[in-house]
Amino acid sequence: MTTVVVEPAGAGHETLWLLLAAGLILATSALVVGWHGRDHHVAELAPHQLDARRDLTSAEQGLYADLRVAYDELLFYAEAPEVAELADSGLPPFIADASAARRGHHRWQRLTLAGVTDDGPAATAVVYYGETAEPEVAGSLLLAAPTADTEPSDVRVWLNREAGAPLPASLMPADLAKSGWHLVVAQFDAGVTRERQ
């Protein structure tokens, strides 16, 4: 009589192959990630500029967001409307509501200043000036109203945190910077959104 001994199936070889496959996948993934990685540095700003995400208080960020929306709405007007008209249409930050109270109690005015174009000084430009009552909460703001030749991306918002911030003589960047105003810029880098390829 012949006796055949059948050994139970072992999992040693299968486990070894599974671990090798997992290690190979991890090593390949690490190489791909390292190869496609980019150095994400923040662009340097000029001394008269502030980053909308990093340099503004939460109240100022809210006001800046409202002014960007207001700028888009102003593009639909033939002429820059008065502040009362914007408030009547319910457009923040021009309305006096609870949000305005928490963000510095700004008093908005429509002003005409000497303007600036790509070619140099222009005759006049309309700005909306929000004078803050609480500079420790949010500074005073200037929004340059769009003109016929401006693009939706040409939003120019200036901020001054000084109490009783002086109005500039013109919208020339040099005059604004000399008066203590800072241009708020929105930088969309890798920290904000993924770059599409």
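# Reading the terms on a predicted chain

Biologist: In which helix is Glu60 found?

Modeller: Glu60 is found in helix α2. Helices are DSSP runs of H or I with at least four residues, strands are runs of E with at least two, and both are numbered from the N terminus.

Biologist: What should I know about the model itself?

Modeller: This is a predicted model with residues numbered from 1 along each chain as its sequence is written, and side-chain values use heavy atoms, leaving out hydrogens and water. Local features need pLDDT of at least 70 and side-chain atom pairs count only at pLDDT 80 or more, while totals for chains, interfaces and linings use all residues.

Biologist: Why is Glu60 called buried?

Modeller: Its relative accessible area is 3%. Buried means under 20%, exposed over 50%, and partly exposed in between, with a 1.4 Å probe and protein chains only. Glu60 therefore counts as buried.

Biologist: What does Glu60 touch?

Modeller: Among its contacts (heavy atoms within 4.5 Å) are Asp55, Val137, Leu159 and Arg161, with residues up to four places away in sequence not counted.

Biologist: What makes His105 partly exposed?

Modeller: His105 has a relative accessible area of 41%. That value falls between the two cut-offs, so His105 is partly exposed. His105 lies in the loop between α4 (98–102) and β2 (107–117). His105 also has a positive phi of about 50°, although it is not a glycine.

Biologist: What joins Pro92 and Pro93?

Modeller: A cis peptide bond, with omega about 5°. Pro93 is found in the loop between α3 and α4.

Biologist: What makes a group of residues a nonpolar core?

Modeller: The members are buried Ala, Val, Leu, Ile, Met, Phe, Trp, Tyr and Cys residues, joined through side-chain atoms within 4.5 Å. The largest such core has 25 residues, and Phe94, Tyr128, Leu143 and Val157 have the most contacts inside it. α2 (58–74), α3 (83–88), β3 (120–131), β4 (140–144) and β5 (157–160) each supply at least two residues of this core. The largest share, 7 residues, comes from α2. A second, separate core has 14 residues, including Tyr129 and Trp181.

Biologist: What does Val157 touch?

Modeller: Val157 touches Tyr64 and Leu67, among others, as well as Leu141, Leu142 and Leu143. His182, Leu183 and Val184 are also among its contacts.

Biologist: Which way do the residues of β5 point?

Modeller: Val157 and Leu159 point one way from β5, Trp158 and Asn160 the other way, and all are buried. In a regular strand the side chains alternate between the two faces of the sheet.

Biologist: How do you know that β4 and β5 pair?

Modeller: Two strands pair if DSSP finds at least two bridges between them. β4 and β5 have 4 bridges, in the antiparallel sense, so they pair. The bridge partner of Leu141 in β5 is Leu159. On β6 (residues 182–185), 3 bridges join that strand to β5, and the two run antiparallel. The bridge partner of Trp158 in β6 is Leu183.

Biologist: Why is the pair of Tyr129 and Trp181 called edge-to-face?

Modeller: Rings of Phe, Tyr and Trp (its six-membered ring) pair if their centres lie within 6.5 Å; planes under 30 degrees apart count as stacked, over 60 as edge-to-face and the rest as tilted. The structure holds 3 aromatic pairs. In the pair of Tyr129 and Trp181 the centres are 6.2 Å apart and the planes are at 65°, so the pair is edge-to-face. Tyr129 lies in strand β3 and Trp181 in the loop between α5 (173–178) and β6, so the pair ties together parts 52 residues apart in sequence. Tyr129 is buried at 3% relative accessible area, and Trp181 is buried at 0%. Elsewhere, Phe94, Trp108 and Tyr128 form one aromatic cluster.

Biologist: What is the mean pLDDT of the chain?

Modeller: The mean pLDDT (the predictor's confidence in each residue, from 0 to 100) is 83, and 85% of residues reach 70 or more. Among the elements, β5 has the highest mean, 94, and β3 the lowest, 78. Over residues 193–197 the pLDDT is below 50. Where pLDDT is low, the predicted coordinates should not be read in detail.
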